[in-house]
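Subject: Structure handover

Hello,

Please find the structure below, with the sequence alongside. My notes on it come after.

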Amino acid sequence: MLAHPQNKYRQFESFDFPERSWPNKQITQAPIWCSTDLRDGNQALANPMDQYKKNKFFQSLVECGFKQIEVAFPAASETDFHFVRNLIEKNKIPDDVSIQVMTQARSDLIERTFESLVGVKQAIVHVYNATAEVFRRIVFQKTKQEIIELAIESTRQVKSLCLQHPETKWTYQYSPETFCFTEIEFALEICEAVAKIWEPSPEYPMIINLPTTVEVSTPNIFADQIEYFCKSFSKRNHVCISVHPHNDRGTGVATAELALLAGADRVEGCLFGNGERTGNVDLVNIALNMYTQGISPKLDFSDIKNIAEVVKECNELPIHPRHPYVGDLVFTAFSGSHQDAIKKGFKARKSQKHQYWEVPYLPIDPADLGASYEAVIRVNSQSGKSGTAWVLQQNHGIELPIELQKDFSQIVQKVTDSRNAELSHAEIWKIFQKEYGINPTEVDFKLINYQSQKQNEIYKVQISISIKDEVIHLVGSGNGLLSASVQALNTKWSYQLKISEYSEHALGRHTGSRSISYIRCTDLDGYIYWGVSIDTDIATASIQALLNGFSQCYQNNALVKASS
C-alpha cells in the first residue's frame, strides 16, 4: 500500500446541504421491496442459474412475500428470454406480483424486451443509461445533452410499446447510472426530462431508481443526495423513489437505511447480499433490522435456514457463518460471560411483566426465524459454567446447582483445552454421565434395594449395594433417610463423609416424570465429591446420588493409599 494514498486517490466531495432533515427521522414502515437476485445477482455468479434454479429461486421469493421481482435481462440472452416466457406462459406469476425486466437504453434491446413480455398481466420495464461524468468521459465519450437525448428517446419508445399493449399494467422504471457519483443537478435534469416524456400518473406509474452501483462515499452523503433529489424533483408526488445500493465500502445496509430516512420509497437488492464485487445490499438484513425495531417488514423469513439453503444451492455460494441473522454462528455464544447473560435473560423472561424481547446478546428471538434455542450456546475452551449448564438444561431439563455448575465446567474445560475443539451436546452429556454416575450401568456403587423405618424421630435404614460383583448389606441410623445412609457408609468405611448440599427437582411436568437428585459430599480433609442420580422414585434417586458421590471418595482414598 502507498505511504501517501492522497497522491493517487481523491476524497469524494460532499455538497453543502444545511436543509437536511433525515438525521432526525425514524423508519416507521417497510419500503417497497424488489429482489434483483435473478438478474443483478445472477450476472455476478461464476455459474449463472439454469432454468430449474431460476424457477426454484423465483418460487422462494414469492413465498417470502416479494411483490416485485427483477427476473431477467431478456434481450441479453436466450436463457433470460425463455425464462420470462416460461413464467408467463406457464402462469407462474401470482396476480399480486410484478416481474421486472431490465434493458439498456438501446432501441433493439427495448424491442426484444417487449417481445419477452407479451401476455404478462403486469410488469416493470427498467431502462438505464450511464450518466456519471467518469462514464460519459471515459466509456462513452458523450456530452450531457447526448446522454439526455438517449434517455428521452428510449422513454418514448417504451411508452409507445406500452400503449400498444393496453392489456398489461405497465410501470416504467428509469435509472441514471450511477446516481451516487453523477453530478446531482445533472441527475435531476435527466430524470426531469424522462418524467416529462412518460408523464407519470396512477394509470402510468413510474419509478425513479437511484443506484449506488459502486459505493464511493459514506452513507450520510448518499442520504443528502437522496433528500436533495426528493425535495428538488418537480414530480416527486407522482413517482416512486427507489434506491439500489451495492456494498463496495461495506456500508450497503447503512446506505439503504439512511436513504429511507431521506425519503426513498423502495429498495432493490438481493437475499444475503449476493451481487457483483462485494455484492448488492442484503434485503434480509434490512428487513430483519426493521423487525427488531417492532416494524413489520412485510416479508416472511420465519424459516430462514430453508431460504438460505435455496439461495446457496442456486447461487453455488456459501453464506458466511457470521452473516447477520442467518449465519450458522450468529445465535451462538462461546464466551462464558455471554452464555451467563443469555441464560439469565431466558430465565428472566419467565417472570417479566411485559412482553418485549430482552435477552442480552440476542437482538432477535431465534425462534422467530425458525432457529432452535439448543444452538444458542455452544461449549469450547472459552466457555464458562453457564454454557454447560445451559446445554444440560435445554436438552435434558437438568437445573444444575450453582456449585455443581462450577465443578462440571472445570471438568469440561480440561477436556476442551486438551482437544482444542468444541464439544457437541452429546459429548457434554456423556461426560456428565460419566463424572457423576448418571448411567446406572457404569456406576461402581449401585443401589440394589433399601428399607427404612422411623422410630422416635430416628430413621433406621438397611441398604443393599453392589460393588462390582460383590453385594454388601449396610445398616445405619440418623434423623433422615440420607443421614442414616451416610452413617451406614461411614460405619463400613471410616471416611467420615458428610452431606454439605442436597437438592432435587422433577424432570418433567407429568405425574410419572422422573426426578433428579444432586448431592455434594465433603470428607475430613475438605475434598468435595458430587453425586447425581435420576429415578422415578425420588428416595431411590437420592440414595443412589449419595452412592455416586461416595464412590468418588472411595476412589480418591484408594489413590491416596496407593501413592503412600
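The notes below cover three pairs of packed helices and three buried residues.

Please keep in mind that this is a predicted model.

Helices α2 and α3

Helix α2 covers residues 51-64 and helix α3 covers residues 78-89. Their axes lie 11 Å apart, and the packing angle is about 50 degrees. Angles under 35 degrees would count as roughly parallel and those from 65 to 115 as roughly perpendicular, so α2 and α3 are oblique to each other. The crossing of α2 past α3 is right-handed. On the α2 side, the residues that take part are Q51, K54, N55 and F58. They meet T79, D80, H82, F83, N86 and L87 of α3. By class, this contact between α2 and α3 has three nonpolar, five polar and two charged residues.

D80 in helix α3

D80 belongs to helix α3. Its relative accessibility is 6%, so D80 counts as buried, the cut-off being under 20%. The side chain of D80 makes a polar contact with the side chain of K54, at 3.1 Å. K54 is also one of the α2 residues that meet α3. Beyond the neighbours within four places in sequence, D80 is in contact with R39, K54, A72, F73 and P74. Q51 and D80 are 29 residues apart along the chain, and their C-alpha atoms are separated by 8.8 Å.

Helices α8 and α9

Helix α8 runs over residues 219-232, and helix α9 over residues 252-261. The two axes come within 8 Å and cross at roughly 35 degrees. This crossing of α8 and α9 is right-handed. From α8, the residues involved are P219, N220, F222, A223 and I226, and these meet A254, T255, L258 and A259 of α9. The contact of α8 with α9 consists of seven nonpolar and two polar residues, with no charged ones.

Helices α9 and α10

Helix α9 also packs with α10, at an angle of about 55 degrees and with the axes 10 Å apart. The angle makes α9 oblique to α10. The crossing of α9 and α10 is right-handed. Here α9 supplies V253, A256, E257 and L260, while α10 supplies N285, I286, N289 and M290. Sorted by class, the contact of α9 with α10 has five nonpolar residues, two polar and one charged.

N285 in helix α10

N285 sits in helix α10, which spans residues 283-291. With a relative accessible area of 12%, N285 is buried. Once the neighbours within four places in sequence are set aside, N285 is in contact with V253, P324 and Y325. V253 is among the α9 residues that make the contact with α10.

N548 in helix α17

The last residue is in helix α17, which covers residues 538-563 and includes N548. N548 has a relative accessible area of 5% and is therefore buried. A polar atom of the N548 side chain lies 3.0 Å from the backbone oxygen of G437. G437 is also listed among the contacts of N548 outside its neighbours within four places in sequence. The others in that list are Y436, V443, F445, W530, G531, V532 and S533.

Regards

Note on methods
Residues are numbered from 1 along each chain as its sequence is written. This is a predicted model: local features need pLDDT of at least 70, side-chain atom pairs count only at pLDDT 80 or more; totals for chains, interfaces and linings use all residues. Side-chain values use heavy atoms; hydrogens and water are left out. Helices (H or I, at least four residues) and strands (E, at least two) are DSSP runs, numbered from the N terminus. Buried means under 20% relative accessible area, exposed over 50%, partly exposed in between (1.4 Å probe, protein chains only). A polar contact is a pair of N or O atoms within 3.5 Å; within protein, one must be able to donate a hydrogen and the other to accept it, and residues adjacent in sequence count only if both atoms are side-chain atoms. Contact means heavy atoms within 4.5 Å. Axes are lines fitted to C-alpha atoms, for helices over the stretch in contact, and angles run from 0 to 180 degrees between N-to-C directions. Angles under 35 degrees count as roughly parallel, over 145 as roughly antiparallel, 65 to 115 as roughly perpendicular and the rest as oblique. A crossing is left-handed if the near helix is turned anticlockwise from the far one by less than a right angle, and right-handed if clockwise. Ala, Val, Leu, Ile, Met, Phe, Trp, Tyr, Cys and Pro count as nonpolar, Asp, Glu, Lys and Arg as charged, and the others, Gly among them, as polar.
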